[in-house]
Amino acid sequence: MARTTPLRTLLPLFALVALLSSACVEGSPAGPVVSLIPKDAAIALVAEKPAQLYAALERFWTSARVATIAGGELETFVAQIPNRAAIEKSLDAARPWAVAFVPAEPGSKELRALVYLPYRGQNIDALRSLAGDRFQLLYQAKKEGYVIFGDESYPLSFPPKEARDLKELARYPANALKIWADPVALKRLATNDFEAIKAEVRRLVGSGGMASRDTALKALENGALSLLAELGSADAALVFSSEGLLVRIGANALAGASMEKLFARAALAPSALEWAGQVSAEALYGYAWSIEPTVATELSALYLKLLSSGLVGQAGDEGQKLATLVERYAALMAKWSALSGPRGAASFDLDIDPAVIAALDSATGDGQALSEALATAFALRLEAFQEVKDEAQYRKLVQNMAQDPELAAILSQFSELFGMSMELAHTDKKEGAFAYGELGFSLRIIDEAKFGAQGESAEAARAALEAVARLFTLRYATSKGRIVISLGSPAELKALADRAAAPHAIAADPTFVSFSKQLPARVQLIGSLSMRRLAGMIVKALPAGQGSAFDPAGFSNWYSYLALEGRAGASRLETGFMLPAGDFAAAFGLFATIKSSGSGGISE
């Protein structure tokens, strides 16, 4: 039966490669290393060093304590491979193995899966039996030291007359599972495979009173597909190690495309890794960035333009007013970016008191009591740094924010559209010789109908808005070519302005150090999510006594990155994340704790 998608085939083939790689010991190649993937391939999976891939997976399996979850060591599952000895004797683990998805015929949307396995000797019966009996793959050919299987009969030409250039995969380590894709093919597949996802987007876009969800969805879809059209190729790698799983994903811009020029300019900024010392490893989330402000403004404008085109899909004047609001906001951001430097860092933390949240019902009807209860239920902490080009000019810009006519026009239009006003108040302050500024916010409902809340619900909303405004009193100072922002006390702000690095910075975490060594030379964004803090918040929210058996200390930090390269004809964006090995077992322990509580995780 013909297949139109590789998705149903991908997982079994990945399992086949993983199982077969376990049966091999790397030695000298038994035959030539030939080009495997034909030029018309839509997707390719490559195991450059199969034995090394399995060895890395085995180390990860042990460090991550996967055996406690899966019910056995990796070798236990490998031992179940039929005719393992014969397979080990037949396979050549010193040459690459690959899987390719190719059109059934030129221009077809139907894809065929092809598996390329190098062999030793002449007897491939064991391989034919495994591929056919267990994975329903058909024998295609045996040539140049490779045996090829497929999910359907295919007019195979091997080695291919024109091979696909997979040079981008060389940037990944040899023991990784590497993936390559053609964006044009992905665009073609999107019209078939993603209907369920598109239906869900329609549902989400359709909520909240959108009058023309199809118009809005079409704008979003066209924007995404136009981005695909600017890409020459995409690639990815799964890198297993005793330290964890590193996932890397890259996209290569077409030569001469507008995206290539944007990447090239964005890549001129220094590496964000230089500011890792200002990101707290103990915060719930922290990140550091480095990108030329003008490029950041253009990227923001592109996103807002896409959003704006979707908003115009609303009926009548409301959609146009929303679009105008978005455009004004983009213009305001450009003014601020003109005085900003490329680098910055921020750490955000949050504490929630479940007991206070559970008691909120008793405050219903008393707006003041409800506002005070909400303010004590949440504790926010923020530390943020941003390089500035001129401290005095930037400080003046912040001081005059409340009187900025452009911002006033945005807030006025926002109030008209949503029935809620926002006002800013700035105060210059001083603690001894330390001068700083304070920005306060007030949020009020001015039109209950537009806001969407009336009666008691409007009263509760007023209390919530008042509590939110009290939580976000920002204090700032300029120092050492930076603006420093905090939600803490003036003393905490001063300590922040004076410090050279965070007391417990991610730069000192051995996991982050290992992670950073595997990244491209210049990184524009690094992120840190403390799963220990997140798990602790979840456990606190469980019913009394239900979470006492789980220790969040088993978790650590999950790290992510975004990097850009700007070489002419080879501009590239790459992103990815690192999941520490120990967190896998900890995550299953947390899920088991939540499940045993029988409460869905939040106490009533």
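The legends below describe close-up views of a predicted model.

**View 1. Confidence along the chain.** The mean pLDDT of the chain is 79, and 77% of the residues reach 70 or more. Two stretches in which pLDDT stays under 50 are marked here: residues 200–212 and residues 599–604. For residues 200–212 the model has 17 contacts beyond four places in sequence. For residues 599–604 the model has 14 such contacts.

**View 2. The largest nonpolar core, centred on I526.** This core holds 47 residues. The members that touch the most other members are I37, Y116, I506, F515 and I526. Leaving aside residues up to four places away in sequence, I526 touches A272, L273, A276, G286, Y287, A288, I506, F512, S560 and Y561. A second core, separate from this one, has 41 residues, among them A56, L91, L117 and V247.

**View 3. Helix α20 and its two faces.** Helix α20 spans residues 510–517, and its buried residues are F512, S514 and F515. These residues lie on the same side of α20, because they cover an arc of only 160° around the axis. Exposed residues P510 and K517 are carried on the face turned away from the buried side. The cover over the buried residues of α20 includes strands β8 (244–253), β16 (523–530), β17 (557–567) and β18 (570–580). F515 is also one of the residues with the most neighbours within the largest nonpolar core. F512 is among the residues that I526 touches.

**View 4. The start of helix α20.** A side-chain oxygen of D509 comes to within 3.1 Å of the backbone nitrogen of T511. This contact is at the start of α20, the helix that runs over residues 510–517.

**View 5. Salt bridge between K178 and E48.** The two side chains meet at 2.5 Å, N to O. K178 is in strand β6 (residues 177–181), whereas E48 is in the loop between β1 (43–47) and α2 (50–63). The pair is 130 residues apart and links distant parts of the chain. Is K178 buried or exposed? K178 has a relative accessibility of 2%, so this residue counts as buried. E48 has a relative accessible area of 29% and is therefore partly exposed.

**View 6. Salt bridge between D165 and K167.** The closest N and O atoms of this pair are 3.1 Å apart. D165 is partly exposed, with 48% relative accessible area. K167 has a relative accessibility of 58% and so counts as exposed.

**View 7. Salt bridge between R444 and E423.** Here the closest N and O atoms are 3.7 Å apart. R444 belongs to strand β13 (residues 434–445) and E423 to strand β12 (residues 420–431). These residues are 21 places apart, and the pair links distant parts of the chain. R444 counts as partly exposed at 44% relative accessibility, and E423 counts as partly exposed at 41%.

**View 8. A network of salt bridges.** Which residues are linked in the network? Its members are the acidic residues E168, D235, E565 and E574 together with R171, R248 and R572. Side chains of opposite charge can pair when their charged atoms come close. The count of salt bridges comes to 25.

Conventions. Residues numbered from 1 in each chain as written. Predicted model: local features only at pLDDT ≥ 70, side-chain atom pairs only at ≥ 80, totals over all residues. Heavy atoms only, no water. Core = buried A, V, L, I, M, F, W, Y, C linked by side-chain atoms within 4.5 Å. Buried < 20%, exposed > 50% of the residue type's maximum accessible area, 1.4 Å probe, protein only. Contact = heavy atoms within 4.5 Å. Helix = DSSP H or I, 4+ residues; strand = E, 2+ residues; numbered from the N terminus. Arc of directions from axis to C-beta. Polar contact = N/O pair within 3.5 Å; in protein donor to acceptor, adjacent residues only side chain to side chain. Salt bridge = Lys/Arg side-chain N within 4 Å of Asp/Glu carboxyl O. pLDDT = per-residue confidence, 0-100.
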